[in-house]
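Open your viewer and keep the selection box handy. We will begin with the whole chain and then zoom in on a couple of side chains.

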Amino acid sequence: MSGLTLYALTGAALVGTGFFGLIAARHLLRRVLAFNLIGSGLFVYLGAAGARGEEADPVPQALIITGIVVALSASALAVGLIVALARARGRAMLPEEDERG
């Protein structure tokens, strides 16, 4: 197994783990972390896809750097909104669903 295949499989595993965390977690900070895990997996996969051949392609590298900046900004905004929600409601979890059906 080549190194690029290992990176691509690692990226796919990170995306899968993050997607599971996004679906399963009720706490909003854990959902933000799961969303960041999905983004990190996509960055690893995109880096592996852009490294085919002798030289690395600069376009995927530029996209990864731009994506990291956007992900950091979006995460900071999400955490700020979660903190404001926790101050207003007293907790940072999703509301309970009605079990009556």
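Start with the whole protein selected: the radius of gyration of this predicted model is 17 Å, whereas a compact globule of 101 residues would have one near 13 Å. Turn the C-alpha trace along its principal axes and you will find that it spans about 55 × 30 × 15 Å.

Now switch to a cartoon view. The protein has three helices and zero strands, so the order from the N terminus on reads simply α-α-α.

Next, put on a surface. About 7400 Å² of the protein is exposed, and 68% of that comes from carbon and sulfur atoms. As for what lies inside, 19% of the 101 residues count as buried. If you like contact maps, draw one here: among contacts with a separation of 6 or more, 57% are between residues 24 or more positions apart.

Colour by charge before moving on. The protein carries 8 positive and 7 negative charges, and the mean positions of the two sets are 14 Å apart.

**Stop one: S75**

Select S75, which sits in helix 3, the element covering residues 58–89. Is S75 buried or exposed? S75 counts as buried because its relative accessible area is 14%, and the cut-off for that class is under 20%.

Show the side chain of S75 and look for its polar partners. One is N36: the side chains of S75 and N36 make a polar contact of 2.7 Å. Then display the backbone of A71, whose oxygen is 2.8 Å from a polar atom of the S75 side chain.

**Stop two: F43**

Move on to F43, in helix 2, which runs over residues 28–50. Why does F43 fall into the partly exposed class? The reason is its relative accessibility of 21%, since the class of partly exposed residues lies between the 20% and 50% limits.

Which residues does F43 touch, leaving aside those up to four places away in sequence? Select I64, G67 and I68, and you have the answer. I64, G67 and I68 can be shown as sticks together with F43 to inspect these contacts.

For a last selection, add V15 and draw a distance between the C-alpha atoms of V15 and F43. The label should come to 9.9 Å, for two residues that are 28 residues apart along the chain.

Terms used
Residues are numbered from 1 along each chain as its sequence is written. This is a predicted model: local features need pLDDT of at least 70, side-chain atom pairs count only at pLDDT 80 or more; totals for chains, interfaces and linings use all residues. Side-chain values use heavy atoms; hydrogens and water are left out. Helices (H or I, at least four residues) and strands (E, at least two) are DSSP runs, numbered from the N terminus. The radius of gyration is taken over C-alpha atoms; the globule rule is 2.2 Å times the number of residues to the power 0.38. Buried means under 20% relative accessible area, exposed over 50%, partly exposed in between (1.4 Å probe, protein chains only). Contact means heavy atoms within 4.5 Å. Accessible areas come from the Shrake-Rupley method with a 1.4 Å probe; for residues, only the protein chains shown count as cover. Lys and Arg count as positive and Asp and Glu as negative; His and the chain ends are not counted. The place of a charge is taken as NZ of Lys, CZ of Arg, CG of Asp or CD of Glu. A polar contact is a pair of N or O atoms within 3.5 Å; within protein, one must be able to donate a hydrogen and the other to accept it, and residues adjacent in sequence count only if both atoms are side-chain atoms.
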